[in-house]
Amino acid sequence: MNYQWDWGAVRESLPYLLDGFGITLLATVLGTLVAAVLGLVVAVLGRVPSRLVTVPVRALTEFVRSTPLLVQLVGAYAIFNSIEPLTIGIAVLGIHYASYMSEVYRAGIDAVPKGQWEACRALSMSPRRTWQAVILPQAVRNVLPALGNYGIAMFKETPFLAVITVVEMVAQAREYGANHFVYAETFTLAGLIFLAASYPTSLLMRRLERRLGH
Amino acid sequence: MGDFFSYFFDHISQVWSGLRVTVEATVLGAAVALALSFVFGFMAFSGPLPVRGLSRVIVEFFRGTSLYVQLFWLYYAFPLLFGYELSPLFCGVLAFGMNYGAYGSEVVRGALNAVPRAQWEAAVALNMTPLQRMRRVILPQAWVQMIPPFTNLLIQLLKATPLLWLITAAELTTVVQHFRDRTGETTWAYLTLLVMYFVLAYALTLMMNALERHAKIRLGRHPGGGGLLHSRGADAPRRSETAGGAL
């Protein structure tokens, strides 16, 4: 316990960490977008009345969902070595979280009352219009907080991108820590930045959840 | 393809030892997480205000600071601060235990809240002591509610174990990546690795489903259909946060 905590290192490493934080945020926002869109597509495909579609889609999502993100990232990086690491990172994060989000959408779609489907039928709406105008607006509205929570979870998993050479916040913390031998300060700071960003967002999601009447 | 698999089976003993480390980290991490879930869950559920506040702060802290950062902190920063080095596996077990314990405590709290009020009142009316009430009436019912979200957390924990590779523990991912370097068969190596994790996750799911059936039968409830093809439900992240909400 004779370690001298170095406040100077905290101050000096902060700009580097915030630099990396930009990349962290970028990856989170784009990754969440990919996941939200892809997840919706998967959820709707799961409703197609043909087992030729639903069975492979379900098997694939189950596989992606049950295997480690880190291995998927490293594997994709090694196989597609001509693509930029950040792009691979965003794509893999998006695909991984799409497998979670598709389940959330599915629950949301299942929760739309049967009468809504029947009403569409009675009004002889096309399937496309049924989904677009009636089912999805209700389903998506109900699951927004759950999607947001996955966004937060993804945010906390973005440090994995450091493994495929994307220089995000934790990579910066590690590099600065290694150069000046101040790991304790930089990693603590990185953790606190994560907390400072994710906690208020999760409170926001909880409020949204209450507002939507869960 | 042939190269990789012949190398794989020639060095199967390394695979077993890597698999052992992965399973060890998962099981020990889950044990720590389970214990912490109950400690913090009970604190948040029934303690006096300062105790509840304390558990809230601890839980939010471990959920809010990324697992990855916690693990690196334990491995790189802890020895600097305290002059004491932790083994990689120990770091992993501790970090997994604390992180997933924090998530699990919300599951415990939610499940305790979800046991109907009347059950508590009936136990009081029967003059049971608080310990009897908890052990014989409340917990068995809450436990059934906890198992599905615990299953999801357990799978998440398993999927976090490759992180140990980054702090030099020789677990499954480390071993297979080594094989890949030796054979140059990138696609087959990673595909094999993913399939191995999938099989592990599936085995854990089946075990937890059996546990759930057993817990339900003990309550005299119908164990429900499903069987082998019954997979995990939607993860419904952190929904248990809304106190009292059915899971």
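The dialogue below walks through the contact between two chains, some record annotations and one helix pair in a predicted model.

Student: How many residues does each chain bring to the contact between chain A and chain B?

Tutor: The size of an interface is often given as the accessible area lost when the parts come together. Here one can begin with residue counts, and the contact draws 41 residues from chain A and 41 residues from chain B.

Student: Which helix gives the largest share of the side of chain A that touches chain B?

Tutor: That helix is α8(A), with twelve residues, while the helices that each supply at least two residues to this side include α2 (51-66), α4 (85-110) and α6 (127-157) of chain A. Sorted by class, the side of chain A that touches chain B holds 26 nonpolar, nine polar and six charged residues.

Student: Where does UniProt put transmembrane regions in chain A?

Tutor: The unreviewed entry gives residues 20-48, 69-95 and 186-205 of chain A. In the model, residues 186-205 of chain A are 100% helix, with end C-alpha atoms 29 Å apart, and residues 20-48 of chain A are 90% helix, with end C-alpha atoms 42 Å apart.

Student: How do α7(B) and α10(B) run relative to each other?

Tutor: Angles over 145 degrees count as roughly antiparallel. Helix α7 (residues 130-160) and helix α10 (residues 186-218) of chain B pack at an angle of about 175°, with axes 9 Å apart, and they are therefore roughly antiparallel. Among the residues making this contact are B:W143 and B:I147 of α7(B), and B:L204 and B:M208 of α10(B); by class, the contact has 14 nonpolar, two polar and three charged residues.

Conventions
Residues are numbered from 1 along each chain as its sequence is written. Chains are lettered from A and ligands numbered from 1 in the order in which they are written. This is a predicted model: local features need pLDDT of at least 70, side-chain atom pairs count only at pLDDT 80 or more; totals for chains, interfaces and linings use all residues. Two residues are in contact if their C-beta atoms, placed from the backbone, lie within 7 Å. Helices (H or I, at least four residues) and strands (E, at least two) are DSSP runs, numbered from the N terminus. Ala, Val, Leu, Ile, Met, Phe, Trp, Tyr, Cys and Pro count as nonpolar, Asp, Glu, Lys and Arg as charged, and the others, Gly among them, as polar. UniProt positions are given in the numbering used here, feature names are shortened, and annotations may be inferred rather than shown by experiment. Axes are lines fitted to C-alpha atoms, for helices over the stretch in contact, and angles run from 0 to 180 degrees between N-to-C directions. Angles under 35 degrees count as roughly parallel, over 145 as roughly antiparallel, 65 to 115 as roughly perpendicular and the rest as oblique.
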